[in-house]
Amino acid sequence: MKIPTPRSLYYGLGKANFIQYIIFAVFLLFFYLPLANLMMLAFGNKYEMPAVVPQEFGFKWWQFVLEQNSLISAIITSFVLAVIVTLVSLLICVPAAYALARFDFPGKSIFQFSFLFSNAFPKMGLYIAIAIVYYKLNLMGTWLGVILLHVINTMMFMTWIPMGAFRSVHRQQEESARDVGAGPFLTFMKITFPLALPGITVASIFTFLASIEEAQGTLMVGFPDIKTVPVELYGIIMQYPTTAGPVLSFILLIPALLILILGRKYISVDSISKGYNMH
Amino acid sequence: MTEQNVKLRISNMTKRYSNGDGVSNIDLEVKEGEIITLLGPSGCGKSTILRTIGGFIGVDQGEILIDGHPVQDLPPEKRPTAMVFQSYNLWPHMTIYDNLAFGLQIKKVPKKEIAARIDRMLQLVHMEGHEKKYPTQLSGGQQQRIAIARALLLEPSVLLLDEPFSALDAKIRAQMREELKRIQQALKITVVFVTHDQEEAMALSDRIVVMNKGAIEQIGGPTEIYDCPRTRYVASFIGEMNFLPGENGTEVAVRPEDIWLDDALDPEMNAVIRTIMPLGHYTRVGLEVGDHFLRAYVPKTDAASLRVDDNVALTFHKKYVYDENGGLLQ
């Protein structure tokens, strides 16, 4: 086989394609090089300057991280928290999304935009304000406090995306169900909810991932009683050997990757953009 | 004629939306086994009436009786009606079988009976063998057949059809119209049909309700509506009609086929031929009478001798005179 030269590629692919391939290659480098570096650090047992590739690969740092009790509990905390936050956010936001999609009421647009407020200000300022309220309510360092904070952070996805999903369910489809004898609740459970499920799934994935990676707010209101992996990572930068960080990063990446692979059927530009349409 | 039971009675029903649209003081009786069409332009309130019968919107006042029972306060799921919408009738996440079975399962019909009834119904609408498909795998016409089948499976007292064929192309529409007529006659079911297509209304209906701006203009059989339009609006809406100013603010209306071009002893008026368009079995002739243009349909054989710019004497075989309020004078 002949190795293609840049010249043969340029003429073989055509100018437009060639440029696209170059841009794509640069994108891949930017995207995957840090990940590759992370992997080398996480699996590199011995990695000394000035080598480009670790001298010795292995699971030394994985063993080290998994032996740290505080890290294991952080991992568990992170996952339990993300699951609870996703469920609570679903319970609050899905009915709100349905109401916004289907009913007209006074102050609807203000209500709709209120879900964007938490993303309209610098996060740190917001957390400081929340912390002040939390001190008064004795919510500092409690699970309830951290869950509330995460839920507030994810309300935007959880309302706007399902709202778009509910809007794309045609009224006639609901009316047909009523017509054949289903009451309002059965209609919602059997028709509306399943038809809006792709959008709700996408929103849940975003919420889960947002909760998993949230660090600032958790650090602010949960520390030192509630330590998630991202919070622990802050500490690790100071206290642990540098290579323990990449291992934890990987542990954080695993659920994100898994969920994105499992949910890729639902994650489309369409299902996301529908949520951000104004009607 | 035998005495038929009244299946559906609407009396003095009013429904107004906040923007002023809606219907007022509607009185309507539909007999058992009858197929009645609500016909009118969009926004005339025909769908509003249908949706109040189905229970999708409430009424401001008045009564709706089905089989003698008032239903105006019942939600759709408690009414003995079944509705077919213009589109999006089916649930895309369910198979055709599940779409059809959903209502029967809610009614707790035994599984075996559901299967048997669906089988029979699919035969009736000529859709055997599609049970395992999903709605998006069917064509628009097939989807509407399934929607009609689902409605019929509920064995409704009144079947409501809200422009069910208007999203289909012309050929399929004509075919579906015949199918519906066949099914309706086979099951002797009472049907209220909404359409803006007068050809569809004429072809399907035992009686037509012509509507305008939220009120009923005329109720009658297709021939009656065509031959005796009781208001100027009905005259202009149904079929083709020429209008000429008459005496004292009245208006004279003549159907194109009722204008005869001959040398009668007592001609209505004289005209000049402006256009001659042969359209197969008849010829369309454009006539100029003073400032007005009339359209006449002339049989092919009579049109052979006509020439553009000829002077002709017109006789009106049949004409209608309407007063300034649009009421029929004679």
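Let's start on the surface of chain A. Five residues there form a nonpolar patch: Phe24(A), Phe27(A), Leu28(A), Phe31(A) and Tyr32(A). The patch covers about 510 Å². Bear in mind that this is a predicted model.

Take one member of that patch, Phe31(A). Where is Phe31(A)? It sits in helix α2 of chain A, which runs over residues 15-43. Is Phe31(A) buried or exposed? Neither label fits: Phe31(A) counts as partly exposed, because its relative accessibility is 46%, and that class lies between under 20% for buried and over 50% for exposed.

Next, another helix of chain A. This one is α7(A), residues 143-167. It has 25 residues. From first C-alpha to last, α7(A) reaches 34 Å. The expected span, at 1.5 Å a residue, is 36 Å, so the two values are close. Still, the helix has a kink. The kink in α7(A) is about 50° and is centred on Thr154(A). How covered is this helix? Mostly: of the 25 residues in α7(A), 21 are buried.

Now over to chain B. Chain B has 330 residues, and 49% of them count as buried. How many helices and strands does chain B have? There are 9 helices and 18 strands. Along its principal axes, the C-alpha trace of chain B spans about 75 × 45 × 45 Å.

Let's zoom in on a loop. In chain B, a loop connects β7 (158-162) and α5 (170-187), and Glu163(B) lies in that loop. Glu163(B) counts as buried, because its relative accessibility is 10%. What does its side chain contact? The partner is the side chain of His196(B): a polar contact, at 2.8 Å.

Now a residue in a helix of chain B. Gln144(B) belongs to helix α4, residues 140-153. Gln144(B) is buried too, because its relative accessibility is 5%. Its side chain reaches the backbone oxygen of Pro164(B), at 2.6 Å.

Last stop: Glu224(B). This residue is in helix α7 of chain B, residues 222-227. Glu224(B) is partly exposed, because its relative accessibility is 39%. How far is Glu224(B) from Val125(B)? In sequence, they are 99 residues apart. In space, C-alpha to C-alpha, the distance is 31 Å.

To recap chain A: a nonpolar patch that includes Phe31(A), and a helix, α7(A), with a kink centred on Thr154(A). And for chain B: a side-chain contact between Glu163(B) and His196(B), and a reach from Gln144(B) to Pro164(B).

Key: Residues numbered from 1 in each chain as written. Chains lettered and ligands numbered in written order. Predicted model: local features only at pLDDT ≥ 70, side-chain atom pairs only at ≥ 80, totals over all residues. Heavy atoms only, no water. Patch = residues over 30% accessible without salt bridge, like charges linked within 9 Å, V, L, I, M, F, W, Y side chains within 5 Å. Areas by Shrake-Rupley, 256 points an atom, 1.4 Å probe, with all protein chains shown as cover. Salt bridge = Lys/Arg side-chain N within 4 Å of Asp/Glu carboxyl O. Helix = DSSP H or I, 4+ residues; strand = E, 2+ residues; numbered from the N terminus. Buried < 20%, exposed > 50% of the residue type's maximum accessible area, 1.4 Å probe, protein only. Bend = angle between axes of the 7 residues up to and from the residue. Polar contact = N/O pair within 3.5 Å; in protein donor to acceptor, adjacent residues only side chain to side chain.
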